[in-house]
Amino acid sequence: MPTRIAFSIGTPSGPRTTSLAYERRGSGEPLLLLHGIGHHWQAWEPVLDILATEREVIAVDLPGFGASDALPEGCPYGLPTVVPVLGAFCEAVGFARPHVAGNSLGGLLALELGREKLVRSVTALSPAGFWSESERRYAFGTLRAMRGAALSLPVPLIERLSRTPVGRTVLTSTIYARPGRRSAEAVVAETLALRTASGFHQTLVAGRNAPTPGDVPGIPVTVAWGTKDRLLLRRQGVRAKHALPGARLVRLPGCGHVPMHDDPALVARVILDGSR
């Protein structure tokens with residue numbers, strides 16, 4: 001079971017208390033892991049123990065996702081709100097200026113944490129925000145369809161589908177290049193996480209008009225993109241490199257949008273190299 005911690009955050013109506021759930025493992029320099037929209041900290045499970053051999057790792061459920069609290073009423077889910085919440089979380093758990101790795105939405109948040117000088121290095125796996133308008137509409141439409149399916153499918157049917165490679169492909173092929181490798185238990189858990197994500201809609205709303213991420217000077221940045229990413233197409237990685245001229249751009253052969261499951265050893269190596 002993950003740990004929960006309560007801490008104070010600033011809101012338009014004054015200080016409020018919220019709590020986030022997280023998993024903590026290993027020893028060494030601190031490393032914070034941020035998942036994508038609709039997911040939960042378990043997205044990092046395939047690489048956690050590898051990373052924990054060299055880092056003290058915290059994988060956190062973002063506000064409004066997994067087992068974490070939703071943001072207080074009146075708080076938007078945009079970067080100006082969520083980034084300070086993550087900064088306060090790191091302070092609460094004793095993670096002073098950690099390395100950070102994020103996937104998708106988590107990658108965008110990781111870059112912003114770097115821009116605010118709250119972390120010492122950034123590894124962004126298929127980070128959001130480097131899309132054209134048509135690519136954004138495609139990605140958001142796909143995410144809404146995934147959420148709609150998670151909400152509409154009866155739980156017994158989700159469980160039945162998850163027991164076969166074909167069923168796991170139906171449920172998760174948008175984000176994994178090798179969905180058949182996922183365990184039935186993991187597919188059920190992440191489908192239910194998408195179903196119950198209270199922050200899903202507001203996060204998409206906040207992302208509609210978000211500007212393209214800018215440069216992150218003075219901090220080592222690695223951007224990695226799966227060659228089989230079907231949600232945020234890999235040409236967005238080239239755009240990211242232009243926007244982040246000092247970043248290292250890495251291709252992840254054969255990996256989809258959530259590459260930690262498709263090639264755990266490669267992704268762990270990229271993260272550890274980026275945090276050295």
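This report walks through the overall build of the protein, two backbone oddities and its aromatic pairs.

**The whole chain**

Keep in mind that this is a predicted model. The protein has 11 helices and eight strands. Its radius of gyration is 17 Å, which agrees with the value near 19 Å for a compact globule of 276 residues. Put a box around the C-alpha atoms along the principal axes and you get roughly 45 × 40 × 40 Å.

As for what's inside, 55% of the 276 residues count as buried. Look at the contacts with a separation of 6 or more, and 70% of them come from residues 24 or more positions apart. On the outside, the protein exposes about 11,200 Å², with carbon and sulfur atoms supplying 56% of that area. On the charge side, there are 31 positive and 22 negative charges, and their mean positions sit 7 Å apart.

**Two positive phi angles**

Most residues other than glycine have a negative phi. Arg 97 goes the other way, with a positive phi near 45°. You'll find Arg 97 in the loop between α2 (79-93) and β5 (99-103). Ser 126 also has a positive phi near 45°, and its loop runs between β6 (121-125) and α4 (133-152).

How do their surroundings compare? Arg 97 is partly exposed because its relative accessibility is 40%, while Ser 126 is buried, at 1%.

**Aromatic pairs**

How many aromatic pairs does the structure hold? There are three. One of them joins Phe 7 and Phe 89: the ring centres are 6.2 Å apart and the planes meet at 55°, so the pair is tilted. This pair ties together distant parts of the chain, since Phe 7 is in strand β1 (residues 3-11) and Phe 89 is in helix α2, 82 residues apart. Another pair is Trp 131 with Phe 140, where the centres are 5.5 Å apart and the planes stand at 90°, so this one is edge-to-face.

Here is how well covered these four residues are:

| Residue | Relative accessible area | Class |
|---|---|---|
| Phe 7 | 7% | buried |
| Phe 89 | 0% | buried |
| Trp 131 | 17% | buried |
| Phe 140 | 4% | buried |

Trp 131 still counts as buried because its 17% falls under the 20% cut-off.

Which residues do ring pairs link into a cluster? They are Phe 7, Tyr 22 and Phe 89. So if you're clicking through the structure, Phe 7 and Phe 89 turn up both as a tilted pair and as members of that cluster.

Technical notes
Residues are numbered from 1 along each chain as its sequence is written. This is a predicted model: local features need pLDDT of at least 70, side-chain atom pairs count only at pLDDT 80 or more; totals for chains, interfaces and linings use all residues. Side-chain values use heavy atoms; hydrogens and water are left out. Helices (H or I, at least four residues) and strands (E, at least two) are DSSP runs, numbered from the N terminus. The radius of gyration is taken over C-alpha atoms; the globule rule is 2.2 Å times the number of residues to the power 0.38. Buried means under 20% relative accessible area, exposed over 50%, partly exposed in between (1.4 Å probe, protein chains only). Contact means heavy atoms within 4.5 Å. Accessible areas come from the Shrake-Rupley method with a 1.4 Å probe; for residues, only the protein chains shown count as cover. Lys and Arg count as positive and Asp and Glu as negative; His and the chain ends are not counted. The place of a charge is taken as NZ of Lys, CZ of Arg, CG of Asp or CD of Glu. Rings of Phe, Tyr and Trp (its six-membered ring) pair if their centres lie within 6.5 Å; planes under 30 degrees apart count as stacked, over 60 as edge-to-face and the rest as tilted.
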